[in-house]
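Reader: Hello! I am new to this structure and would love a close look at one part of it, the nonpolar core and what lies around it. Could you walk me through that part?

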Amino acid sequence: MTTTADTATTVTRRLGGTPALRRGAWLAFALFWSAFAVVECVRHGWPATVLALAFLVLPDLTFLVALDEAPRMAKGQLPPRAVPYYNALHRALVPLTLAAACAALPLHWPPAFAALCGWLAHISYDRVFGYGLRTKEGFQRG
């Protein structure tokens, strides 16, 4: 019979590296996307700055979807109704795909790219501080 510690060790090996190594990599990503957002904001002015800051905060506002359920939740639990929105806005693949599309398509609006940089910075900082995706019950995944 496998214990939880054995399972966690297996998952850590499978994902590559230790949690500290992964957090270090996420920190590098966070600093990169933060610096990129600042550069875009300086180059393109207030529209880029407003969008970058908005998308730096926006992913955590998904709790508003189920604000009425919040008082009945356990400490650290997100209401289950808000989990799909939270998880969708905390997956790095979504803004990375959109950033690649911004680079590949002839449509060019720099504030949109600044927003994506802010969004990726948010996701990266969350991973650095140990926050990740949620289970369907609303708790942090292991």
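Author: Happy to; here is the setting, followed by the core and its surroundings. This is a predicted model, in which local features need pLDDT of at least 70 and side-chain atom pairs count only at pLDDT 80 or more, while totals for chains, interfaces and linings use all residues. Residues are numbered from 1 along each chain as its sequence is written, and side-chain values use heavy atoms, with hydrogens and water left out.

Let's start with the whole chain. Five helices and zero strands are found in it; helices here are DSSP runs of H or I with at least four residues, strands are runs of E with at least two, and both are numbered from the N terminus. Of the 142 residues, 31% are buried, meaning under 20% relative accessible area, whereas exposed is over 50% and partly exposed is in between (1.4 Å probe, protein chains only). Contact means heavy atoms within 4.5 Å. Among contacts with a separation of 6 or more, 69% join residues 24 or more positions apart.

Now for the core itself. A nonpolar core is a set of buried Ala, Val, Leu, Ile, Met, Phe, Trp, Tyr and Cys residues joined through side-chain atoms within 4.5 Å. The largest one has eleven residues: Trp33, Ala37, Ala92, Ala99, Phe113, Leu116, Cys117, Trp119, Leu120, Ala121 and Ile123. Helices H2 and H5 (110-128) are the elements that give two or more residues to this core, and H5 gives the most, with seven. In soluble globular proteins, nonpolar side chains tend to be buried together.

Cys117 is a good place to zoom in. Apart from neighbours within four places in sequence, Cys117 is in contact with Trp33, Phe36 and Ala37. There is also a second, separate core of five residues, including Ala66, Ala82, Val83 and Tyr86.

One more residue deserves your attention: Ser124, which is also in helix H5. Ser124 counts as buried because its relative accessibility is 2%. A polar atom of the Ser124 side chain lies 2.9 Å from the backbone oxygen of Leu120. Setting aside neighbours within four places in sequence, Ser124 is in contact with Trp26, Phe29, Ala30 and Trp33. Trp33 belongs to the largest core and is also in contact with Cys117, so you can use Trp33 as a landmark when you look from Cys117 to Ser124.

Technical notes
Polar contact = N/O pair within 3.5 Å; in protein donor to acceptor, adjacent residues only side chain to side chain.
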